[in-house]
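Trainee: I have a model open and I'd like to learn how to read it feature by feature. Can you walk me through it?

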Amino acid sequence: MAQSDLEKQAEMLAQQQLDAYNNRNIDAFLLPYAEDVKVYNFPDQLQFQGLTEMKDIYGRMFVRTPDLHCRLVNRIVMGNTVIDQEEVTISPKDPPFRAIAIYKIKDGKIAEVYFIRE
């Protein structure tokens, strides 16, 4: 089944932020996100909201973890939702951890993110 335009856009936004994450480029990382993005621990524990807080949290993490890398294991796209199964490496001396990121797209931006971590 062919992807809808909404699904293509949703997948593009998820990939754009993943590429920037792996390059630790904070400005490129923030581009796909809505100004008032909400980030949750699944299912409903709000961690933070807004690009300013996201820039502060991820900006510091990008500086502190030069070996940070997220490997996409699997991706499901349905409508305005992207579900990524990931393996995240913080340091080469530590094993990667597994996570699931769920991105909800609204008005051409990532508006909500839900994380499930092992």
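Trainee: Let's go straight to strand pairing. Which residue is the bridge partner of Asn41 in β2?

Mentor: Gln45 is the partner of Asn41. One caution before going on: this is a predicted model, so treat everything here as computed from it. That bridge belongs to the pairing of β1 (residues 33–41) with β2 (residues 45–49), which is antiparallel and has four bridges. Another pair to look at is Val39, which stands opposite Phe48 in β2.

Trainee: And how many residues sit between β1 and β2 in the hairpin?

Mentor: Three residues separate the two strands of that hairpin. Pro43 is in this loop, and the peptide bond between Phe42 and Pro43 is cis, with omega at about 5 degrees.

Trainee: Does β1 have a second partner? Put properly: which way do β1 and β6 run, parallel or antiparallel?

Mentor: Parallel: β1 and β6 (residues 109–117) are joined by five bridges. To find the register, start at Lys38, whose bridge partner in β6 is Glu112.

Trainee: What about side chains along a strand like that?

Mentor: The general idea is that side chains in a regular strand alternate between the two faces of the sheet. For a case here, take Val113, which is in β6.

Trainee: Is Val113 buried or exposed?

Mentor: Val113 has a relative accessible area of 2%, so it counts as buried. Ignoring residues up to four places away in sequence, Val113 touches Tyr33, Val37, Lys38, Val39, Tyr40, Ile102 and Tyr103. You can also compare sequence and space: Val113 and Val82 are 31 residues apart along the chain, yet their C-alpha atoms are 9.6 Å apart.

Trainee: Let me try the other hairpin. How many bridges join β3 to β4?

Mentor: Nine, between β3 (residues 69–78) and β4, and the two run antiparallel. Within that pairing, Leu72 stands opposite Glu86 in β4. The β3–β4 hairpin has two residues between its strands, and Gly79 in the turn has a positive phi of about 60 degrees.

Trainee: Positive phi in a glycine I'd flag and move on. Which residues have it although they are not glycines?

Mentor: Two to look at are Arg24, with phi at about 50 degrees, and Asp107, with phi at about 55 degrees. Arg24 is in the loop between α1 and α2 (26–30), while Asp107 is in the loop between β5 and β6.

Trainee: How does accessibility read for those two?

Mentor: Arg24 has 30% relative accessibility, so it counts as partly exposed. Asp107 has 82%, so it counts as exposed.

Trainee: Is a loop residue such as Gly50 buried or exposed?

Mentor: Gly50 is in the loop between β2 and α3. The cut-off for buried is under 20% relative accessible area, and Gly50 is at 10%, so it counts as buried. Beyond its neighbours within four places in sequence, Gly50 is in contact with Glu35, Asp36 and Val37. For a longer view, the C-alpha atoms of Gly50 and Ile26 are 14 Å apart, with their positions 24 residues apart along the chain.

Trainee: Now pockets. What's the idea?

Mentor: Rolling a probe the size of a water molecule over the atoms shows where empty space is left. In this model, the largest pocket has a volume of about 390 Å³. Its lining has 23 residues, and the closest to the centre are Tyr21, Tyr58, Met61, Phe115 and Arg117.

Trainee: Which element gives the largest share of that lining?

Mentor: α3 does, with four residues. At least two residues each come from α1 (5–22), β1, β2, α3 (51–64), β4 (81–89), β5 (97–106) and β6.

Trainee: And how do the lining residues divide into nonpolar, polar and charged?

Mentor: 18 are nonpolar, three polar and two charged.

Trainee: Last one: what domain does UniProt list for residues 15–113?

Mentor: The UniProt entry, which is unreviewed, lists "domain: SnoaL-like" for that span. In the model, residues 15–113 are 27% helix and 48% strand, and the C-alpha atoms at the two ends lie 14 Å apart.

Technical notes
Residues numbered from 1 in each chain as written. Predicted model: local features only at pLDDT ≥ 70, side-chain atom pairs only at ≥ 80, totals over all residues. Heavy atoms only, no water. UniProt positions renumbered as here; feature names shortened; annotations may be inferred. Pairing = 2+ DSSP bridges. 1 Å grid on protein atoms, 1.4 Å probe; cavity = no way out; pocket = protein on both sides within 12 Å on 5 of 7 lines; lining within 4 Å. Points joined across faces, edges and corners; volume = space filled by probe spheres on them. Nonpolar A, V, L, I, M, F, W, Y, C, P; charged D, E, K, R; others polar. Buried < 20%, exposed > 50% of the residue type's maximum accessible area, 1.4 Å probe, protein only. Contact = heavy atoms within 4.5 Å.
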